[in-house]
Structure formats: C-alpha cells, structure tokens
Amino acid sequence: MELLLIAIALAMDSVAVSIASGAKFKSINLFNIIKIALFFGIFQGLMPLIGYFLGSTFSNFVDSIDHYIAFIILVYLGYRMIKEGLDDNIEDEIENLKNKTLFILSIATSIDALAVGITFSFQEIDILYAVTLITIVTFILCIVAVFIGKKLGGYLENKAEFLGGGILILLGIKILIEGLI
C-alpha cells in the first residue's frame, strides 16, 4: 500500500502537466495522449531505478542515519510540490507536444523520483516491482489526466501537486518514526 501511495505521489507532477496538456490542446488525439503518458510513465519509472543504484553505492555508509535522510528528502520534495502548486501556471510551460518538449518536461517532473529512488536503497524494496508499479500508475493517471484537462481545464492541476506533496510529507514522517522506534 505504501508503495502505491508513493507511485501516486510521484505521478502528481506528471498528472498536473497532463491536465494542463488536455486544457491547452482541447483537440488532442489518442496518439498524443498515449505519447504523453508513455513519456511521463517511462521517466517516472526510470528515475527511481537510477536513484536506487546511486543510493546503493553509499547506503552502507549511512545505515545508521538513513531514516533521517529519507525523511529530509521526502519532506523537502513534498514541500516543493506544494509550493509549486501555489506558484506555477503549468499551461504556460507546455508550448507543444513535440518529443523534445515532452522529453524536457518528463525529466523535470521526474527529478523527485530520482531522489525517492535513493531512499528506496535504504529500505528493503523490490526495486523492479517498485519501478514497474510507478511506471504503470503514472501512465494510467496521465491518460486520465489529459481527459480531465480537456473537460475541466486547468482548475485541477495545482490540486494534484498538493495531493502529491502531502503524501510525500506523510511518508517521510512515517519513515522517520519507524527509524526512531
């Protein structure tokens, strides 16, 4: 259940951009909807894998403080997501649906997944299962989000950021408490 919540939280940046894409490009076709979801899903899954291997290289050195590191990373990322939800107008960042634009947006929205991947290396997590779950959840949520954006416009995009940020903060607190007990 915790891993599913992490997958949902990580997907929220991509969901916000997908909502904005649907709002900006009302006549978007199914091919472009799938393309958006694939870009975001693949990057959201790939980044934790990279983070996991980076974190694994130094996890032995930080064993005694890993819960503090995970707490700081998750709370910071959650705070940043909530702050971005207050500040950004995501529709302005989406100029077109070309591969180059989607590539840049996919990297930008998945940097937090890289950091979460580092926290995965401190825990006993099946990384292949986690990466698969994150990819699938992001893919499905992004498809749904584009359709929501087509119907409701940009009204919901910052709400997705708030939800994702709140989930990450709560999970960070949970990991800290478990590490202290």
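**A helical protein seen from its residues**

Ser 18 is found in helix α1. At 0% relative accessibility, Ser 18 counts as buried, because the cut-off for that class is anything under 20%. The model described here is a predicted one. Leaving out residues up to four places away in sequence, the partners that Ser 18 touches are Ile 36, Phe 40, Cys 142, Ala 145 and Val 146. Helix α2 covers residues 30–58, and helix α5 covers residues 127–152. Ile 36 and Phe 40 can therefore be placed in α2, while Cys 142, Ala 145 and Val 146 can be placed in α5.

A second serine of α1 can be read in the same spirit. Ser 14 also has its place in helix α1, and Ser 14 is buried, with a relative accessible area of 0%. Once neighbours within four places in sequence are set aside, Ser 14 is in contact with Phe 40, Gln 44, Thr 109, Thr 138 and Cys 142. With one of these residues, Gln 44, there is a polar contact from side chain to side chain, at 3.2 Å. Phe 40 and Cys 142 are partners of Ser 14, and both names also appear among the partners of Ser 18.

It helps to step back to the whole chain at this point. The secondary structure of the protein comes to 6 helices and 0 strands, so the order of elements from the N terminus on reads α-α-α-α-α-α. Of the 181 residues, 50% count as buried. Among contacts between residues at least 6 apart in sequence, 94% join residues at least 24 apart.

How do the helices pack against one another? Helix α1 (residues 2–24) and helix α4 (residues 99–120) meet at an angle of about 165 degrees, and their axes lie 8 Å apart. Angles over 145 degrees count as roughly antiparallel, and α1 and α4 are therefore roughly antiparallel to each other. The crossing of this pair is right-handed. On the α1 side the contact is made by Leu 3, Ile 6, Leu 10, Asp 13, Ser 14 and Val 17, and on the α4 side by Leu 105, Thr 109, Asp 112, Ala 113, Val 116 and Phe 120. Sorted by kind, the residues of this contact divide into 8 nonpolar, 2 polar and 2 charged.

The packing of α1 with α5 has another geometry: the angle is about 30 degrees and the axes are 7 Å apart. Angles under 35 degrees count as roughly parallel, which makes α1 roughly parallel to α5. Here too, α1 passes its partner, α5, in a right-handed crossing. The residues of the contact between α1 and α5 comprise 19 nonpolar, 5 polar and 1 charged.

Helix α2 brings in a further pair. With α4, α2 packs at an angle of about 35 degrees, and the two axes are 6 Å apart. The crossing of α2 past α4 is right-handed. The contact residues of this pair divide into 19 nonpolar, 8 polar and 1 charged.

Asp 112, one of the residues named in the contact of α1 with α4, is found in helix α4. Is this aspartate buried or exposed? Asp 112 is buried, with a relative accessible area of 1%. Not counting residues up to four places away in sequence, Asp 112 touches Leu 10, Asp 13, Leu 77, Arg 80 and Met 81. Leu 10 and Asp 13 belong to the α1 side of the contact with α4. A longer reach along the chain is given by Asp 112 and Gly 51: these residues are 61 residues apart along the chain, and their C-alpha atoms are separated by 9.7 Å.

Two isoleucines complete the picture. Ile 34, in helix α2, is partly exposed, with a relative accessible area of 33%. Apart from its neighbours within four places in sequence, Ile 34 is in contact with Phe 139 and Ile 143. Ile 34 and Ile 143 are 109 residues apart in sequence, and their C-alpha atoms are 6.7 Å apart in space. Ile 69 has its place in helix α3 (residues 66–87) and is partly exposed as well, with a relative accessible area of 22%. Between the C-alpha atoms of Ile 69 and Thr 119, which stand 50 residues apart along the chain, the separation is 7.6 Å.

Definitions and conventions. Residues are numbered from 1 along each chain as its sequence is written. This is a predicted model: local features need pLDDT of at least 70, side-chain atom pairs count only at pLDDT 80 or more; totals for chains, interfaces and linings use all residues. Side-chain values use heavy atoms; hydrogens and water are left out. Axes are lines fitted to C-alpha atoms, for helices over the stretch in contact, and angles run from 0 to 180 degrees between N-to-C directions. Helices (H or I, at least four residues) and strands (E, at least two) are DSSP runs, numbered from the N terminus. Angles under 35 degrees count as roughly parallel, over 145 as roughly antiparallel, 65 to 115 as roughly perpendicular and the rest as oblique. A crossing is left-handed if the near helix is turned anticlockwise from the far one by less than a right angle, and right-handed if clockwise. Contact means heavy atoms within 4.5 Å. Ala, Val, Leu, Ile, Met, Phe, Trp, Tyr, Cys and Pro count as nonpolar, Asp, Glu, Lys and Arg as charged, and the others, Gly among them, as polar. Buried means under 20% relative accessible area, exposed over 50%, partly exposed in between (1.4 Å probe, protein chains only). A polar contact is a pair of N or O atoms within 3.5 Å; within protein, one must be able to donate a hydrogen and the other to accept it, and residues adjacent in sequence count only if both atoms are side-chain atoms.
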